[in-house]
Amino acid sequence: WFKQKAGANTKSVRNAQALKDLWEKQGGKCAISGLPLTIGLNVSLDHIVPKSKGGSNKVDNFQWVLTSVNSFKLTNSLEEMFTICKAIIAHNKL
């Protein structure tokens, strides 16, 4: 599974062991939400610094996240995503 992710999602990063090490470092949890990840079900590789903002395909610019979190984050930085989340919460008075 890590070999597949290394080849399919990282293009220049083809090091499955590095991605597995990252998985283990994160303890199988989403780097952003802390929720558990299930291989083959809800896992996505996220660029910490989006490629559109100069981020690279190096392993140190990746984190494992929930697919839904990655879809929400899109090309935003974490700070930008958190600003959006705060605005949503404030708008809905949660």
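This report describes the fold, core, charged pairs and surface of a predicted protein model.

**Overall architecture**

The protein contains four helices and two strands, and their order along the sequence is α-α-β-β-α-α. It has 94 residues, of which 37% count as buried. The exposed area is about 5900 Å², and carbon and sulfur atoms supply 58% of that area. Among contacts between residues at least 6 apart in sequence, 50% join residues at least 24 apart.

**The nonpolar core**

The largest nonpolar core has 14 residues. Those with the most contacts inside this core are F2, W23, C30, L37 and W64. Helix α2 and the strands β1 and β2 each supply at least two residues of the core.

A search of the whole structure finds one aromatic pair. W23 and W64 form this pair in an edge-to-face arrangement, with 5.7 Å centre to centre and 80° between the planes. The pair links distant parts of the chain: W23 belongs to helix α2 (residues 16-25) and W64 to strand β2, 41 residues apart. Both W23 and W64 are buried.

F2 touches both members of the pair, W23 and W64. Leaving out residues up to four places away in sequence, F2 also touches A16, L19, K20 and I39.

**Salt bridges**

Side chains of opposite charge can pair when their charged atoms come close. In this model the count comes to two salt bridges.

D46 forms a salt bridge with K73, the closest N and O atoms being 3.1 Å apart. The pair links distant parts of the chain, with D46 in strand β1 (residues 43-47) and K73 in helix α3 (residues 67-73), 27 residues apart. D46 counts as buried because its relative accessibility is 2%, under the 20% limit. K73 is likewise buried, because its relative accessible area is 0%.

The other salt bridge joins E80 and K53, with 2.5 Å from N to O. This pair also links distant parts of the chain: E80 is in helix α4 and K53 in the loop between β1 and β2 (62-66), 27 residues apart. E80 has a relative accessible area of 33% and so counts as partly exposed. K53 is partly exposed too, with a relative accessible area of 42%.

**The loops**

I48 is found in the loop between β1 and β2. Its relative accessible area is 31%, so I48 is classed as partly exposed. The C-alpha atoms of I48 and D60 are separated by 8.5 Å, and the two residues are 12 residues apart along the chain. Leaving aside neighbours within four places in sequence, I48 is in contact with D60, N61, F62, Q63 and K73. K73 is thus a contact of I48 as well as the salt-bridge partner of D46.

T38 lies in the loop between α2 and β1. With 38% relative accessibility, T38 counts as partly exposed. The C-alpha atoms of T38 and L66 are separated by 8.9 Å, with their positions 28 residues apart along the chain.

L74 is found in the loop between α3 and α4. Most residues other than glycine have a negative phi. L74 has a positive phi of about 50° although it is not a glycine. L74 is exposed because its relative accessible area is 60%, over the 50% limit.

**A nonpolar surface patch**

F72, I84 and I88 form a nonpolar patch on the surface, and together they have about 230 Å² of accessible area. I84 is placed in helix α4 (residues 78-91). At 34% relative accessibility, I84 counts as partly exposed.

**Accessibility of selected residues**

The table collects relative accessible areas for residues discussed above.

| Residue | Relative accessible area | Class |
|---|---|---|
| D46 | 2% | buried |
| K73 | 0% | buried |
| E80 | 33% | partly exposed |
| K53 | 42% | partly exposed |
| I48 | 31% | partly exposed |
| T38 | 38% | partly exposed |
| I84 | 34% | partly exposed |
| L74 | 60% | exposed |

Definitions and conventions
Residues are numbered from 1 along each chain as its sequence is written. This is a predicted model: local features need pLDDT of at least 70, side-chain atom pairs count only at pLDDT 80 or more; totals for chains, interfaces and linings use all residues. Side-chain values use heavy atoms; hydrogens and water are left out. Patches are made of residues with over 30% relative accessible area and no salt bridge: like charges are joined within 9 Å, nonpolar side chains (Val, Leu, Ile, Met, Phe, Trp, Tyr) within 5 Å. Accessible areas come from the Shrake-Rupley method with a 1.4 Å probe; for residues, only the protein chains shown count as cover. A salt bridge is a side-chain nitrogen of Lys or Arg within 4 Å of a carboxyl oxygen of Asp or Glu. Buried means under 20% relative accessible area, exposed over 50%, partly exposed in between (1.4 Å probe, protein chains only). Rings of Phe, Tyr and Trp (its six-membered ring) pair if their centres lie within 6.5 Å; planes under 30 degrees apart count as stacked, over 60 as edge-to-face and the rest as tilted. A nonpolar core is a set of buried Ala, Val, Leu, Ile, Met, Phe, Trp, Tyr and Cys residues joined through side-chain atoms within 4.5 Å. Contact means heavy atoms within 4.5 Å.
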